[in-house]
Amino acid sequence: MGTASADIGVIGLGTMGANLALNIAEKGFTVAVYNRTVAKAHALKSDNPELAENILPAGTLQDFVASLKSPRRVLFMVPAGPLVDEEMEKVSPLLSDGDVMIDAGNADFNDTVRRSKAVEGTGLHFVGMGVSGGELGARHGPSIMVGGAEHTYGTLQPILEKIAAQYKGEPCVAWLGPDGAGHFVKTLHNGIEYADMQMIAEIYGIMRDGLGLQPDRMADIFRDWNTRGLASYLIEITAVNLAEKDPDTDKPMVELITDEAGQKGTGRWAVIEAQKLGVGATTIEAAVSARGVSARRDERIAAARVYEAVKTEPAEFAGDEDGLAELEAALETAKIIAYAQGYATMASASEEFAWNLPLGTIAEIWRAGCIIRSHFLDDIAKAYEGGAKVVNLLQSPAFVGRVSKGQAALRKVVASASLAGIPVPALSAALAYFDDYRRPRGTTNLTQAQRDLFGGHTFHRLDKDGVFHHHWPAV
Ligand code: NDP
């Protein structure tokens, strides 16, 4: 191994690590690469001759570390969980004061907080960094969410700003706060992504089962929607998915794919954290649960037989311009509500963990590179402009008009789908949240009465100050 000349090192050359390393090399930095299966490190260099001079494969961790310039920057891109701890344990004895370890996988932010604490006082630094955009994003420009000490971010910033996606010339990377802030935001990004995808799938379900449209026609509709308020990467790829034909059968590809979706954990974490914080992220929750139900395909098929006799109303959707405009408005409105829930969860975490999350900046760095990228995020960024205090996006002047106008369509779509027996769990969760959220007099007064009766939990009164317990009749 020669002298220490690499600007950064990547450990783990799977889908994400290899592409991120190529991205780094392409931007003119020298990147050292190490992988459990050593041959992959050498292959990365030989398979990419145009970038070969910027790629330094290492056969051992010692050589890998020795090839890094000081302060050394070591980025781990391995599956989240105990493996990250194992890899850190192997590398940290080889590092020196001021060196930085970066976990760029999809870590549980609680692990990131623990790892940040563990390196405190060792002279080493730890950064938890969420990377979104999948394989192509990693290769050509992801959205990057950084958590750790701000001064440590400074040592990474020149590289990260170059490799990140650019939105109108602005790099989609930012330091978001200490320890777990970056991975928390990435978790919520994925939760919102689940909601976006589930709601699109529900609208597809209405088009298929309520309107009887063919995928080709649906592709045209989504392509059209992609020119307006819903314009986003996910709507764009939906049109591509729907238009695609299977080369073997010439049938629409989407109709040949089994209706069972998996998940890797981040969506579930988003829901768990929202629950822990007491925030209602019901649309995200519905989306995560819907994947769980989808995965139980045999059970669903059996249940369909059991309930064959259940009659539903004929679908009341119109396939004309007005009917399609209604579906579009319903999806747009529910999307605003889902994002409001995601942002409310981040706002609550920011307070709970004293992170001071820059919510507007988060919208800005999601505008390109990541899976939920869209112009709509620019509207969210604007809602936070000038440090505007936003209690919940549903109360932001930027969205009140849009939701007020769109809610009627959402209501009609959810009602028609329910009567026709077409499941819309995420869309209906969004509508229920909206109605619940804007209801001045709720119904938990009864819940409080019950809790006081069976558990002496006490309650507040509307007409008097103080805490009260009532002697309810014995039951
Ligand atoms: P891959 O499965 O493609 O790659 C995993 C890497 O980890 C490989 O280099 C593999 O080495 C190495 N590895 C696996 N097990 C071990 C082990 N026991 N000891 C040492 N090294 C090991 O994963 P991805 O690149 O898809 O994902 C990496 C991280 O990025 C994950 O946290 C993932 O959640 C996250 N992520 C993934 C995205 C995606 O779209 N795929 C998007 C955003 C984040 P070897 O080659 O020897 O098998």
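Glu273 and Lys276 sit three residues apart in helix 12, so about one helical turn separates them. This is a predicted model, and in it their side chains meet in a salt bridge, 3.4 Å from N to O. The two partners differ in exposure. Glu273 is buried, at 5% relative accessible area, while Lys276 is exposed, at 57%.

Next, a pair across the sequence. Arg228 forms a salt bridge with Glu328, and their closest N and O atoms are 2.9 Å apart. This one links distant parts of the chain: Arg228 lies in the loop between helix 9, residues 215-225, and helix 10, whereas Glu328 belongs to helix 15, residues 321-352, with the two positions 100 residues apart. Glu328 counts as buried because its relative accessibility is 9%, under the 20% cut-off. Arg228 is partly exposed, at 39%.

A third pair is Arg438 with Asp435, where the closest N and O atoms are 3.0 Å apart. Arg438 is partly exposed at 49% relative accessibility, and Asp435 is partly exposed at 23%. Elsewhere, Asp85, Asp103, Asp111, Arg114 and Arg115 are joined into one network by salt bridges that share partners. The total for the model is 27 salt bridges.

Now the pockets. The largest has a volume of about 1700 Å³. It is lined by 39 residues, and those closest to its centre are Gln198, Ala201, Tyr204, Asp259 and Ala261. Which helix supplies the largest share of that lining? Helix 8 does, with eleven residues. Helix 8 spans 181-210, and at least two lining residues each also come from helix 10 (233-243), helix 11 (253-256) and helix 13 (282-295). By class, this lining has 22 nonpolar, seven polar and ten charged residues.

The second largest pocket holds about 1100 Å³ of space. Its lining has 38 residues, with Met16, Val78, Pro79, Ala80 and Lys264 nearest the centre. Helix 8 again gives the most, here with four residues. Among the other elements that supply at least two residues each are helix 1 (15-26), helix 4 (82-91), strand 6 (125-132) and helix 12 (266-277). Helix 12 is also where the Glu273 and Lys276 pair sits.

By class, the lining of the second largest pocket has 14 nonpolar, 15 polar and nine charged residues. On the domain level, that lining takes at least three residues from domain 1 (8-179) and at least three from domain 2 (187-437).

Key. Residues are numbered from 1 along each chain as its sequence is written. This is a predicted model: local features need pLDDT of at least 70, side-chain atom pairs count only at pLDDT 80 or more; totals for chains, interfaces and linings use all residues. Side-chain values use heavy atoms; hydrogens and water are left out. On a 1 Å grid over the protein atoms alone, a cavity is a set of points where a 1.4 Å probe fits but cannot get out, and a pocket is an open set with protein on both sides within 12 Å along at least five of seven lines; lining residues have an atom within 4 Å of a point. Grid points are joined across faces, edges and corners, and a volume is the space filled by probe spheres set on the points. Ala, Val, Leu, Ile, Met, Phe, Trp, Tyr, Cys and Pro count as nonpolar, Asp, Glu, Lys and Arg as charged, and the others, Gly among them, as polar. Domain bounds come from an automatic or database domain assignment. A salt bridge is a side-chain nitrogen of Lys or Arg within 4 Å of a carboxyl oxygen of Asp or Glu. Buried means under 20% relative accessible area, exposed over 50%, partly exposed in between (1.4 Å probe, protein chains only).
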